[in-house]
Amino acid sequence: MSDALIGILGGSGLYQLDALAQVREERVETPYGAPSDVIVTGTLDGIRVAFLARHGRGHRLLPSEVPYRANIYAFKQLGVRYLLSFSAVGSLREDVAPLDFVLPDQYIDLSRRRESTFFGNGVVAHVSMAQPVCPVTREVLARAVHGSLGADAPRLHQGGTYVCIEGPQFSSLAESNWYRSMGASVIGMTNMPEAKLAREAQMAYASLAMVTDYDCWHPREAHVTADMAIANLMTNAERAKLVAAEAIRVLGAEKPDSPAHNALQSAVVTPAEAIPETLKRQLAVLLR
């Protein structure tokens with residue numbers, strides 16, 4: 001398998017990266033099953049990159065069906081140290097409009113049916129999620145938005161809370177207003193447990209949330225529909241490809257240190273001699 005420095009998780013509308021050269025498809029197996037699809041590896045300006053369509057090509061997987069552990073573990077097996085996530089979201093704030101970009105720095109996890117850790121079954125670890133997004137990688141994404149899109153860049157909101165719901169249904173009006181009362185900025189269905197697992201895998205994770213709608217809370221805007229979201233996300237997806245390419249160039253050139261790269265340093269509390277050998281081999285991938 002190819003070593004890749006940077007991983008890209010493409011969300012709704014972003015199913016491939018056209019800028020990659022020396023492209024090959026990798027079928028990666030993990031202890032948690034197969035990822036959402038084949039992982040496409042390639043180079044951009046000599047930088048090794050791995051790309052995965054989160055919902056599979058053709059958008060085949062519901063948010064609850066995405067094999068989050070397999071996806072993150074597969075990226076780690078390929079050597080990924082920086083993981084960039086692109087996803088469509090709804091806005092929960094008046095000042096965050098459709099087609100705006102948001103760089104969340106916090107999450108509220110309301111998902112219910114998803115495995116959210118690599119640990120258990122004989123080994124215990126507790127990683128800090130106080131700052132779930134790598135600030136260094138998030139800053140690179142912010143620079144990439146302006147560096148790649150220039151005067152055509154959408155309005156970019158730096159910081160904000162992403163509330164992750166189970167889906168696949170959109171919110172009820174009561175729920176949408178509840179999420180707003182939490183102080184959340186955007187709503188989506190996929191960044192959790194993705195961010196938790198990336199932290200356990202010691203990868204520097206940051207997400208670019210691309211706004212498609214106002215959910216259903218706005219008194220003067222139409223309630224979100226799949227057609228509405230798809231129309232806006234296709235516009236955002238073309239921008240996202242340019243942002244991803246620029247972020248890859250910056251990360252490849254600078255290779256910044258991140259607190260996430262040492263997330264497991266003091267997180268594993270089970271003594272090494274008490275961990276079963278099969279688990280040791282499985283977790284060795286995360287610890288490297």
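# A walk through the predicted model

Start with the whole chain: of its 288 residues, 58% are buried. Keep in mind as you go that this is a predicted model. Switch to cartoon view and you should find 6 helices and 11 strands. The radius of gyration is 18 Å, close to the 19 Å that the globule rule gives for 288 residues, so the chain is as compact as a globular protein of that length. Turn the C-alpha trace along its principal axes and the spans come to about 60 × 40 × 30 Å.

Still at full view, try colouring the surface by element. The accessible surface comes to about 12,000 Å², with 50% of that belonging to carbon and sulfur atoms. As for how the chain folds back on itself, take the contacts with a separation of 6 or more: 83% of them are between residues 24 or more positions apart.

**Into the core**

Next, select Ile6, Ile8, Phe86, Phe118, Leu141, Leu208 and Val243 and show their side chains. These belong to the largest nonpolar core, a set of 84 residues, and they are the ones that touch the most other members. Which helix gives this core its largest share? Colour α5 to see: 8 of the core residues come from there. As background, nonpolar side chains tend to be buried together in soluble globular proteins.

Now centre on Phe118. Leaving aside neighbours within four places in sequence, Phe118 is in contact with Tyr32, Arg69, Ile72, Tyr73, Leu197, Glu200, Ala201, Leu283 and Leu286. There is also a second, separate core, made of 10 residues, and Val163, Tyr179, Ala184 and Met189 are among them.

**The annotated site**

Keep Met189 selected and add Asp213, Tyr214 and Asp215. An unreviewed UniProt entry annotates these four as "binding site". Met189 therefore turns up twice on this tour, as part of that annotation and as a member of the second core.

Are the two aspartates buried or exposed? Asp213, in strand β11 (residues 204–213), has a relative accessible area of 6%, so it counts as buried. Asp215 sits in the loop between β11 and α5 (226–254), and it is buried too, with a relative accessible area of 3%. Zoom in on the Asp215 side chain and look for Ser171: a polar contact of 3.4 Å joins the two side chains.

**Backbone oddities**

Time to hide the side chains and look at the backbone. Most peptide bonds are trans, and most residues other than glycine have a negative phi. Here are some exceptions to select.

- Gly167 and Pro168 are joined by a cis peptide bond, with omega about 5°. Pro168 is in the loop between β9 (161–164) and α3 (173–181).
- Met192 and Pro193 are also linked by a cis peptide bond, and omega is about 5° here. You'll find Pro193 in the loop between β10 (186–188) and α4 (194–200).
- Gln202 is not a glycine, yet its phi is positive, about 60°. Look for Gln202 in the loop between α4 and β11; with 7% relative accessibility, it counts as buried.
- Lys255 has a positive phi as well, near 40°, and is likewise a residue other than glycine. Your last stop, Lys255, is in the loop between α5 and α6 (277–287).

Conventions:
Residues numbered from 1 in each chain as written. Predicted model: local features only at pLDDT ≥ 70, side-chain atom pairs only at ≥ 80, totals over all residues. Heavy atoms only, no water. UniProt positions renumbered as here; feature names shortened; annotations may be inferred. Helix = DSSP H or I, 4+ residues; strand = E, 2+ residues; numbered from the N terminus. Buried < 20%, exposed > 50% of the residue type's maximum accessible area, 1.4 Å probe, protein only. Polar contact = N/O pair within 3.5 Å; in protein donor to acceptor, adjacent residues only side chain to side chain. Rg over C-alpha atoms; globule rule 2.2 N^0.38 Å. Contact = heavy atoms within 4.5 Å. Areas by Shrake-Rupley, 256 points an atom, 1.4 Å probe, with all protein chains shown as cover. Core = buried A, V, L, I, M, F, W, Y, C linked by side-chain atoms within 4.5 Å.
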